[in-house]
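Reader: I'd like to talk through a model with you at the bench. Could you walk me around the fold, the pockets and the charged pairs?

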Amino acid sequence: MSLKKYNGSCHCGKVSYEVELDLSKGSSKCNCSFCSKVRNWSAIVKPEAFRMLSDEKELGSYQFGTMSATHHFCKNCGIRTFTRGYIEEIGGAFVSISLSTLNNAEPSELIASPVWYADGLHNNWGSQPAEIRHL
């Protein structure tokens, strides 16, 4: 695969974005308290690769823990679309795209994307958890 422009949105369409993403570079799932509750499956890009198409006033946000990431969701339908943050260990500023909100990603592209499983539950981000079948 290679870099491709995807369009994404929430369920009701009030939040929409576009992102340039190479799914062949991988995606991730995590077992931390947040990711396990929202069944997170995401891919990280630099902020330059992401562009909001809708008005930011349609976004709600949520932070917890170290406050290094802001999780965004649609105020109307509640769908979590992306996360913005800054974590030095992963290269600084980032946008994490919720892959389930990509409107034009083919199932074959998602299936082919390698998945990294992170043990965020134990703050052991560089290691895979012992159990991943539920993620």
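What follows is a short run of questions and answers on this structure.

Author: First, some ground rules: this is a predicted model, where local features need pLDDT of at least 70, side-chain atom pairs count only at pLDDT 80 or more, and totals for chains, interfaces and linings use all residues. Residues are numbered from 1 along each chain as its sequence is written, and side-chain values use heavy atoms, with hydrogens and water left out.

Reader: Which residues does UniProt give to the domain "CENP-V/GFA"?

Author: The label comes from an unreviewed UniProt entry; positions are in the numbering used here, feature names are shortened, and annotations may be inferred rather than shown by experiment. Over the annotated stretch the chain is 10% helix and 40% strand, with end C-alpha atoms 31 Å apart. Helices (H or I, at least four residues) and strands (E, at least two) are DSSP runs numbered from the N terminus. UniProt places the domain at residues 6-131.

Reader: In what order do the three strands of the open sheet lie?

Author: Strands count as paired if DSSP finds at least two bridges between them, and the pairing here is antiparallel. β1 (4-9) and β5 (50-52) each have a single partner strand, so they stand at the edges, with one side of each left without a neighbour in the sheet. The order is β1-β2-β5.

Reader: Which residue stands opposite N7 in β2?

Author: β1 pairs with β2 (residues 16-21) in the antiparallel sense, over six bridges. The partner of N7 is E18.

Reader: How many residues sit between the strands in the hairpin of β8 and β9?

Author: β8 and β9 run antiparallel and are joined by six bridges, with T83 opposite S96 in β9. In this hairpin G91 takes a positive phi near 105 degrees. The number of residues between the strands is four.

Reader: And which residue takes a positive phi in the hairpin of β7 and β8?

Author: β7 and β8 are antiparallel too, joined by five bridges, and H72 has F82 in β8 as its bridge partner. This hairpin has five residues between the strands, and the one with a positive phi, near 85 degrees, is G78.

Reader: Which residues lie nearest the centre of the largest pocket?

Author: A pocket is an open set of points on a 1 Å grid over the protein atoms alone, where a 1.4 Å probe fits, with protein on both sides within 12 Å along at least five of seven lines; lining residues have an atom within 4 Å of a point. This one holds about 910 Å³, where volume is the space filled by probe spheres set on points joined across faces, edges and corners. Its lining has 30 residues, and those nearest the centre are C30, C35, I87, F94 and W125.

Reader: Which element gives the most to the lining of the second largest pocket?

Author: That pocket has about 210 Å³ of space, and its lining includes L3, E20, K25 and W116. Elements giving two or more residues are β2, β3 and β4. The biggest giver, with three residues, is β4.

Reader: Which residue forms a salt bridge with E109?

Author: A salt bridge here is a side-chain nitrogen of Lys or Arg within 4 Å of a carboxyl oxygen of Asp or Glu, and the whole structure has five. In this pair the closest N and O atoms are 3.1 Å apart, and the partner of E109 is K4. E109 is in helix α2 (residues 107-112) and its partner in strand β1, so parts 105 residues apart in sequence are tied together by E109 and K4.
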